[in-house]
Amino acid sequence: MDADLVQMQKKLADYKNALFKEGILDSQYLELHELQDESNPEFVVEVVYLFLADSEKLLDDLSIDLTQQNVDFKKAQAQAQKMKGSSCSIGAPRVRNACKAFQDFCLEENIQFVLVKSKLKALFALEQEVVAAGGSIPKMQPIDLID
């Protein structure tokens, strides 16, 4: 075997090992390689590039969604779930973990939004009851406000 080829193979093996140690890849990546055969020698490359293209599109859409005045956190959470699933299938644990953290954030933000929405609806309902009963809504003074 050519010495240059042996050196290239060693470099490849070292790089793959580094990716596993850094948590960029996990055992699912090895399982993906098991699906590759002589009839489709580029299978892994094609699957990973498809993942990368889909992820870029998802991230672009997500970045647009997150700049909106009223962020739909359920939609953002669903997008993160989709990306998390894809990252699991190719063996990319760092992406999976980032997606999980983002999903948790979206869930918390959505819960906070639902809480605020519920409280404000209750406030407005009480105000409407007062007005319907012929009263007026009293103005609050700063001293009435509790920190």
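**Exercise 1. Describe the chain over residues 40–133, and say which annotation covers these residues.**

Solution. Over residues 40–133 the chain is 87% helix and 0% strand. The C-alpha atoms at the two ends of this stretch are 76 Å apart. The model is a predicted one. Next, turn to the record: an unreviewed UniProt entry gives residues 40–133 the annotation "domain: HPt".

**Exercise 2. Find which residues make up the largest nonpolar core, and which helix supplies the largest share.**

Solution. Begin with the members. The core has nine residues: Leu19, Leu25, Tyr29, Leu32, Val44, Val48, Phe51, Ile90 and Ala92. Then assign them to helices. H2 and H3 each supply at least two residues of the core. The largest share comes from H3, with three residues.

**Exercise 3. Characterise the largest pocket by its volume, its lining and the class of its lining residues.**

Solution. Start with the volume, which is about 350 Å³. The pocket is lined by 17 residues, and those closest to its centre are Leu19, Leu25, Tyr29, Val48 and Ile90. Helix H2 (27–34), helix H3 (43–66) and helix H5 (93–132) are the elements that each give two or more residues to this lining. H3 gives the most, six residues. Sorted by class, the lining holds 14 nonpolar, two polar and one charged residues.

Now compare with Exercise 2. Leu19, Leu25, Tyr29, Val48 and Ile90, named here as closest to the pocket centre, are also listed among the members of the largest nonpolar core.

**Exercise 4. Classify the ring pair of Phe20 and Tyr29, then decide for each residue whether it is buried or partly exposed.**

Solution. A search of the whole structure finds three aromatic pairs. In the pair of Phe20 and Tyr29, the ring centres are 6.5 Å apart and the planes stand at 65 degrees. Planes over 60 degrees apart count as edge-to-face, so the Phe20 and Tyr29 pair is edge-to-face.

For burial, the cut-off is 20% relative accessible area: under it a residue is buried. Tyr29 has 15% relative accessibility, so Tyr29 is buried. Phe20 has 29%, so Phe20 counts as partly exposed.

Elsewhere, ring pairs link Phe73, Phe102 and Phe105 into a cluster.

**Exercise 5. Locate Ala80, decide whether it is buried or exposed, and state how far its C-alpha atom lies from that of Leu115.**

Solution. Ala80 is in helix H4, which spans residues 73–90. Its relative accessible area is 4%, so Ala80 is buried. Ala80 and Leu115 are 35 residues apart along the chain, and their C-alpha atoms are separated by 22 Å.

Conventions. Residues are numbered from 1 along each chain as its sequence is written. This is a predicted model: local features need pLDDT of at least 70, side-chain atom pairs count only at pLDDT 80 or more; totals for chains, interfaces and linings use all residues. Side-chain values use heavy atoms; hydrogens and water are left out. On a 1 Å grid over the protein atoms alone, a cavity is a set of points where a 1.4 Å probe fits but cannot get out, and a pocket is an open set with protein on both sides within 12 Å along at least five of seven lines; lining residues have an atom within 4 Å of a point. Grid points are joined across faces, edges and corners, and a volume is the space filled by probe spheres set on the points. Helices (H or I, at least four residues) and strands (E, at least two) are DSSP runs, numbered from the N terminus. Ala, Val, Leu, Ile, Met, Phe, Trp, Tyr, Cys and Pro count as nonpolar, Asp, Glu, Lys and Arg as charged, and the others, Gly among them, as polar. Rings of Phe, Tyr and Trp (its six-membered ring) pair if their centres lie within 6.5 Å; planes under 30 degrees apart count as stacked, over 60 as edge-to-face and the rest as tilted. Buried means under 20% relative accessible area, exposed over 50%, partly exposed in between (1.4 Å probe, protein chains only). UniProt positions are given in the numbering used here, feature names are shortened, and annotations may be inferred rather than shown by experiment. A nonpolar core is a set of buried Ala, Val, Leu, Ile, Met, Phe, Trp, Tyr and Cys residues joined through side-chain atoms within 4.5 Å.
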